[in-house]
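Got a minute to look at how some side chains pack and pair up in this one? Here's a quick briefing to read with the structure open.

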Amino acid sequence: MKKKRNFNEIITSGLIIALMGYLLISPKQARAAALNGYEIWLNTILPAVFPFLVLVTLLNLLGMSRKIAPMFSNFMNRAFGVSGTGAYAYLSAIFSGLPIGAKSVCDLYRQGDIDRSEAYILLCLCSNMAPVYTYSIVGPVFFGSAKLAIAFIAINYCVPVICALFVANRRDRRKVSNEPPPRASITAMKNRSKAFTAAIKESVMNILNIGGFVIFFNVIISFSRDFLGLDSNSLFGAIVSALLETANGSSALGALSNEHYIITVATCGASLCWGGLSILFQSLSFISETDLSIRRFFQYKAAQGVLGFCFGLFAANAIPRQTAPVFAELASKASAGIINILAIGVFLLIVGASALAETTLFGFTRKRK
């Protein structure tokens with residue numbers, strides 16, 4: 001055990017020293033990479049994620065997650081074996097993806113609204129990428145195909161559900177009460193002005209945390225390319241970028257889709273479900289504040305990456321290649337509100353179908369008893 005720990009420490013120290021040497025030897029490349037990450041955070045992530053992060057935190061501080069629990073308790077219990085409180089985290093993930101989905105799960109767990117096994121199921125379920133990014137950018141802009149956009153967003157939602165169902169089936173099913181646990185480590189704030197102020201402060205720290213990860217991992221991508229001698233326009237270089245950071249990797253894969261269509265689409269599907277190390281470490285910044293296992297979260301994401309690659313292979317063989325991004329301009333102007341409305345509609349449709357099935361099938365069973 002000590003030998004393994006010492007070996008890991010040597011590897012970690014070696015990588016840190018190598019990265020420090022890269023910063024000293026190639027300061028211009030490192031600065032350009034850091035500046036690129038800063039621009040991505042400032043122009044894309046900050047305006048899109050920060051307002052939603054404030055609202056999610058505010059609703060949680062006001063105790064809204066505990067109030068909506070009875071509405072979704074039957075559906076969430078029958079589908080995933082968790083309480084209705086988990087629907088709050090799932091809704092957050094549907095609209096915004098990681099890392100906000102992971103943050104919502106960790107907040108509920110720290111407050112005592114969900115137990116440990118529920119937290120693991122929800123971490124697996126609430127691990128999709130942001131739908132606006134997946135639908136309006138990756139498919140139409142990077143790959144020039146509206147059909148691939150639909151395929152990518154279907155993969156983005158279906159793979160976490162499949163993995164969550166698998167994790168839920170390994171858990172002993174039990175009847176979950178409509179009411180959340182009576183004890184909570186953090187009580188809901190009754191003063192709305194104080195809750196709003198606290199939500200702003202907490203969201204500012206979280207968005208700065210996200211920005212730090214984005215900037216640093218852009219430097220790591222630049223370092224890995226130079227260290228391995230990879231060309232950013234090569235297939236292997238694009239795959240490595242996709243594993244490290246999804247946005248840059250998806251763009252590089254899309255640029256090579258005409259020459260390597262099947263492998264680039266499949267790898268992009270894997271990258272969207274894996275999330276990239278940048279997104280994963282952003283999520284880990286919230287998970288590390290709890291006693292949940294980081295290793296299990298990595299295992300869930302690795303399994304989702306494999307499933308995403310398989311579904312991506314199927315999509316690449318089912319959808320013909322398009323040589324021109326004819327839908328790029330239209331998709332780039334797609335409204336985030338439309339995507340959110342569609343997501344709400346799909347979620348309500350699932351809930352309605354579950355309620356109908358419960359009324360008919362389970363009602364019939366009770367009558368027979």
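What follows goes through the nonpolar cores, the aromatic rings, the cysteines and the salt bridges.

Keep in mind that this is a predicted model. Its largest nonpolar core has 71 residues, and a search of the whole structure turns up four salt bridges and six aromatic pairs, but zero disulfides.

**Nonpolar cores**

- In the largest core, with its 71 residues, the ones with the most contacts inside it are Met-76, Val-105, Leu-125, Phe-143 and Phe-152.
- Helix α9, which runs over residues 146–169, gives the most to this core, putting in 11 residues.
- There's also a second, separate core of 13 residues, and Tyr-22, Ala-33, Val-219 and Leu-230 are among them.
- If you want one residue to click on, try Leu-125: setting aside neighbours within four places in sequence, Leu-125 is in contact with Met-76, Phe-80, Tyr-90, Pro-160, Val-161 and Ala-164.

**Aromatic rings**

- Of the six aromatic pairs, one is Phe-216 with Phe-217, an edge-to-face pair at 6.2 Å centre to centre with 90° between the planes.
- Those two don't share the same setting: Phe-216 is partly exposed at 42% relative accessible area, whereas Phe-217 is buried at 6%.
- Another pair is Trp-274 with Phe-298, which is tilted, with 6.3 Å between centres and 45° between the planes.
- That pair links distant parts of the chain, 24 residues apart: Trp-274 belongs to helix α13 (residues 261–274) and Phe-298 to helix α15 (residues 294–318).
- Trp-274 counts as buried, with 16% relative accessibility, while Phe-298 is partly exposed at 23%.
- Put together, Phe-216, Phe-217, Trp-274, Phe-281 and Phe-298 make up one aromatic cluster.
- Tyr-120 has a charge for company: the charged end of Arg-296 sits over the Tyr-120 ring, 3.8 Å from its centre.

**Cysteines**

- With zero disulfides in the structure, where does that leave Cys-124? Cys-124 is in no disulfide, and the nearest cysteine sulfur, that of Cys-163, is 4.7 Å away.
- Cys-126 is unpaired because its sulfur is 9.5 Å from the closest cysteine sulfur, in Cys-124, and that's too far for a bond.
- Cys-124 counts as buried at 1% relative accessibility, and Cys-126 is buried at 1% too.

**Salt bridges**

- Lys-103 forms a salt bridge with Asp-107, and their closest N and O atoms are 2.7 Å apart.
- Both of these residues lie in helix α6 (residues 100–111), four residues apart, or about one turn of the helix.
- Lys-103 and Asp-107 are both buried, with Asp-107 at a relative accessible area of 6%.
- Asp-107 also meets Arg-110 in a salt bridge, at 2.5 Å from N to O.
- Arg-110 and Asp-107 are three residues apart in helix α6, so about one helical turn separates them.
- Arg-110 counts as partly exposed, at 27% relative accessibility.
- Which residues are linked in a network of salt bridges? Lys-103, Asp-107, Arg-110 and Glu-202 are.
- Elsewhere, Arg-116 forms a salt bridge with Asp-291, with the closest N and O atoms 3.3 Å apart.
- This one links distant parts of the chain, 175 residues apart: Arg-116 is in helix α7 (residues 116–125), and Asp-291 is in the loop between α14 (276–287) and α15.
- Arg-116 is partly exposed, at 35% relative accessibility.

Definitions and conventions:
Residues numbered from 1 in each chain as written. Predicted model: local features only at pLDDT ≥ 70, side-chain atom pairs only at ≥ 80, totals over all residues. Heavy atoms only, no water. Core = buried A, V, L, I, M, F, W, Y, C linked by side-chain atoms within 4.5 Å. Buried < 20%, exposed > 50% of the residue type's maximum accessible area, 1.4 Å probe, protein only. Helix = DSSP H or I, 4+ residues; strand = E, 2+ residues; numbered from the N terminus. Contact = heavy atoms within 4.5 Å. Phe/Tyr/Trp six-rings, centres within 6.5 Å; stacked < 30°, edge-to-face > 60°. Lys NZ or Arg CZ within 6 Å of the ring centre and 35° of its normal. Disulfide = S-S within 2.5 Å. Salt bridge = Lys/Arg side-chain N within 4 Å of Asp/Glu carboxyl O.
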